[in-house]
Amino acid sequence: MYVHEISLEIKSNVDKDTLVDDFNLLMAFYRSNGQTQGKIESQFLQNNRISSLPFSLEKDSLKAKNNNKYVNNQIEKIQLLAKSTISIETKGKTYKNYTGACRCKKPEFYILITNYITIESPLTCGTCNNSVPLYTLPKYKDDGYMPILGWETNYQSCDSLQMNCEVGERWALNQMQELSSQLSKQGVVICKQIEEQTAVPTFYYLFNYKKYKGDEQNRPCPNCGKKWNLKTQLHGLYDFKCENCKIVSNLSSYS
Ligand SMILES: [Zn+2]
Ligand SMILES: [Zn+2]
């Protein structure tokens with residue numbers, strides 16, 4: 001990923017702590033528009049300068065062309081308050097070989113998937129397996145991509161519970177691996193909406209940590225009961241894909 005420094009020199013008499021809160025709100029708008037990744041940035045005040053160091057999927061994620069009206073309005077507001085212009089500088093990449101986000105002209109399909117630790121986009125490209133920056137999708141809701149990010153937070157909360165193993169582990173696991181759970185239903189609705197808006201088939205990733213007796217490879221799709229095993233594993237991760245039900249999954253590591 002890329003790390004940027006967004007900063008603002010305070011040239012007015014505005015209360016600095018108030019401006020810090022408004023700056024924070026700008027960072028929240030960038031996040032809900034899919035322009036920055038992760039839930040919190042290093043943000044600090046040094047003399048008359050407020051700075052923040054967000055992650056992004058693309059080098060130009062923070063370019064004005066990707067802003068929505070909330071981002072633009074908030075930039076305008078803090079610039080007026082501080083009587084100066086914000087500056088955005090790319091500081092570097094997380095890895096030398098970081099290749100960036102999906103740039104496929106026509107992805108064959110998308111997958112809605114996340115886990116407790118990642119700060120990648122919850123949408124990946126089925127063709128290149130890279131993250132899809134949410135701001136590259138058609139506008140999801142007026143104020144950004146919060147419904148998708150809301151599902152992401154719910155999923156990550158469940159995954160954290162099942163990883164920690166002490167509180168609500170079984171409940172959380174069922175949320176993640178049952179297609180009828182509230183979590184899966186919420187995710188499936190999002191997949192349908194993304195597919196409607198983009199015309200790209202969008203699959204829901206169903207977690208699988210069940211104990212199977214017999215040949216798991218040949219177990220049918222849990223929704224329609226048809227054959228769904230892939231001949232070869234996809235992207236080193238997916239072993240099952242149902243074209244009817246638009247779900248993907250993998251062999252259980254528990255069996
Ligand atoms: Zn791609
Ligand atoms: Zn199916």
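These legends accompany close-up views of a predicted model.

In this predicted model, local features need pLDDT of at least 70 and side-chain atom pairs count only at pLDDT 80 or more, while totals for chains, interfaces and linings use all residues. Residues are numbered from 1 along each chain as its sequence is written, chains are lettered from A and ligands numbered from 1 in the order in which they are written, and side-chain values use heavy atoms, with hydrogens and water left out.

**View 1. The two domains and their contact.** Meet domain 1 (2-93) and domain 2 (110-249), whose bounds come from an automatic or database domain assignment. Their centres, taken over C-alpha atoms, are 31 Å apart. Where they touch (heavy atoms within 4.5 Å), domain 1 brings 16 residues and domain 2 brings 18 residues.

**View 2. The largest pocket, between the domains.** Both domain 1 (2-93) and domain 2 (110-249) supply lining residues, so the largest pocket lies between them. A pocket here is an open set of points on a 1 Å grid over the protein atoms alone, where a 1.4 Å probe fits, with protein on both sides within 12 Å along at least five of seven lines; lining residues have an atom within 4 Å of a point. The volume is about 310 Å³, counted as the space filled by probe spheres set on the points, which are joined across faces, edges and corners. Of the 20 lining residues, R31, G38, K39, L149 and E152 lie nearest the centre. Two or more residues come from each of α1 (16-32), β2 (37-46) and α3 (146-164); the largest share, six residues, belongs to α3. Helices (H or I, at least four residues) and strands (E, at least two) are DSSP runs numbered from the N terminus.

**View 3. The second largest pocket.** This pocket has a volume of about 260 Å³. Its lining holds 16 residues, with T118, E120, T124, N129 and S131 nearest the centre.

**View 4. A six-stranded open sheet and its helix.** The strand order is β6-β5-β7-β10-β9-β8, with mixed pairing; strands pair if DSSP finds at least two bridges between them. At the edges, β6 (123-125) and β8 (229-234) each pair on one side only. From one strand to the next, the twist averages 35°. Helix α5 (residues 182-198) packs on the sheet, touching β5 (110-112), β6 and β7 (202-206), and its direction makes about 160° with that of β7. Axes are lines fitted to C-alpha atoms, for helices over the stretch in contact, and angles run from 0 to 180 degrees between N-to-C directions.

**View 5. The β8 edge.** Here β8 and β9 (residues 238-242) pair in the antiparallel sense over two bridges. Look for L234, which stands opposite Y238 in β9.
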